[in-house]
Amino acid sequence: LHHIKKRYMQEKIYTQVGTILVALNPYKNLNIYGADQIDLAYQSAKMHSATNSPHVFSVAAAAVHNMREEMKNQAVLISGESGAGKTETTKKILQFISAVSGSTASRAGPSIETQMLDSNPL
């Protein structure tokens with residue numbers, strides 16, 4: 001718990017404990033969810049690299065990689081108490097998946113992001 005508290009005080013809200021990602025709700029917006037972080041997580045997953053720091057995008061990247069490359073079904077379990085940030089974490093997972101899917105809205109239909117958000121009762 002000391003390590004988690006220390007990281008939280010440095011605005012590092014994610015801590016990796018084995019295969020589990022522990023996230024603490026910062027109750028404020030942090031600039032850690034942009035395109036650069038998406039690219040870093042995606043490239044690290046493709047290279048089987050564990051060099052990037054703990055992040056929700058790393059979890060999403062591993063799931064996408066295993067679906068695409070290893071043809072394995074994936075699930076991400078998001079758990080916590082009321083107000084812990086489960087809904088926001090789910091939105092970040094969906095943001096990552098839609099960003100790496102490469103699909104945008106067209107005449108053929110809505111974007112992957114829109115389809116996922118419409119199908120998910122957040």
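What follows is an informal back-and-forth about how features of this predicted model get their labels.

Me: What makes up the protein chain, going from the N terminus on?
Reply: The order of elements is α-β-β-α-α-α-α, and the chain has five helices and two strands. Of its 122 residues, 28% count as buried.

Me: Why is Tyr-27 called exposed?
Reply: Its relative accessible area is 64%, and exposed means over 50%, so Tyr-27 earns the label. You'll find Tyr-27 in the loop between strand 2 and helix 2. Its phi is also worth a look: near 55°, a positive value in a residue other than glycine.

Me: And what makes Met-71 count as exposed?
Reply: Same kind of reasoning. Met-71 has 69% relative accessibility, and the cut-off is over 50%, so Met-71 is exposed too. Met-71 sits in the loop between helix 3 and helix 4, just after helix 3, and takes a positive phi of about 55°.

Me: How do you know that strand 1 and strand 2 pair, and in which sense?
Reply: Pairing asks for at least two bridges, and strand 1 and strand 2 have four, so they pair, in the antiparallel sense. For one of the partnerships, take Thr-15, whose bridge partner in strand 2 is Val-22. The hairpin has two residues between the strands, and Gly-18 takes a positive phi near 65° there.

Me: How do you know that the length of helix 4 agrees with its number of residues?
Reply: Helix 4 covers residues 86–101, which is 16 residues, and at 1.5 Å a residue they should span 22 Å. The end C-alpha atoms are 23 Å apart, so the span agrees with the expected value. Helix 4 is followed by Gly-102, whose phi is positive, near 75°.

Me: What about the span of helix 3?
Reply: Helix 3 has 14 residues and reaches 20 Å from its first C-alpha to its last, close to the 20 Å expected at 1.5 Å a residue.

Me: Which residues of helix 3 are called buried, and what do they pack against?
Reply: The buried ones are Val-56, Phe-57, Ser-58, Ala-60, Ala-61, Ala-63, Val-64, His-65 and Asn-66. Buried means under 20% relative accessible area, so each of these residues falls below that value. They pack against strand 1, strand 2, helix 2 and helix 4. Helix 4 has buried residues of its own, including Thr-89, Ile-93, Leu-94 and Phe-96.

Me: What lines the largest pocket?
Reply: The lining has 48 residues, of which Tyr-14, Leu-21, His-55, Val-56 and Val-59 lie nearest the centre of the pocket. Strand 1, strand 2, helix 2, helix 3 and helix 4 each give two or more residues to the lining. Helix 3 gives the most, with eight residues. The space in the pocket is about 1,200 Å³.

Me: Why does Val-56 turn up in both the buried list of helix 3 and the pocket lining?
Reply: The two labels rest on separate tests. Val-56 is on the buried list of helix 3, where the test is under 20% relative accessible area. Val-56 is also in the pocket lining, where the test is an atom within 4 Å of a pocket point. Val-56 passes both, so it carries both labels.

Me: How does the lining of the largest pocket divide into nonpolar, polar and charged residues?
Reply: The lining has 25 nonpolar, 19 polar and four charged residues.

How values were computed:
Residues numbered from 1 in each chain as written. Predicted model: local features only at pLDDT ≥ 70, side-chain atom pairs only at ≥ 80, totals over all residues. Heavy atoms only, no water. Expected span 1.5 Å × (residues − 1). Buried < 20%, exposed > 50% of the residue type's maximum accessible area, 1.4 Å probe, protein only. 1 Å grid on protein atoms, 1.4 Å probe; cavity = no way out; pocket = protein on both sides within 12 Å on 5 of 7 lines; lining within 4 Å. Points joined across faces, edges and corners; volume = space filled by probe spheres on them. Nonpolar A, V, L, I, M, F, W, Y, C, P; charged D, E, K, R; others polar. Contact = heavy atoms within 4.5 Å.
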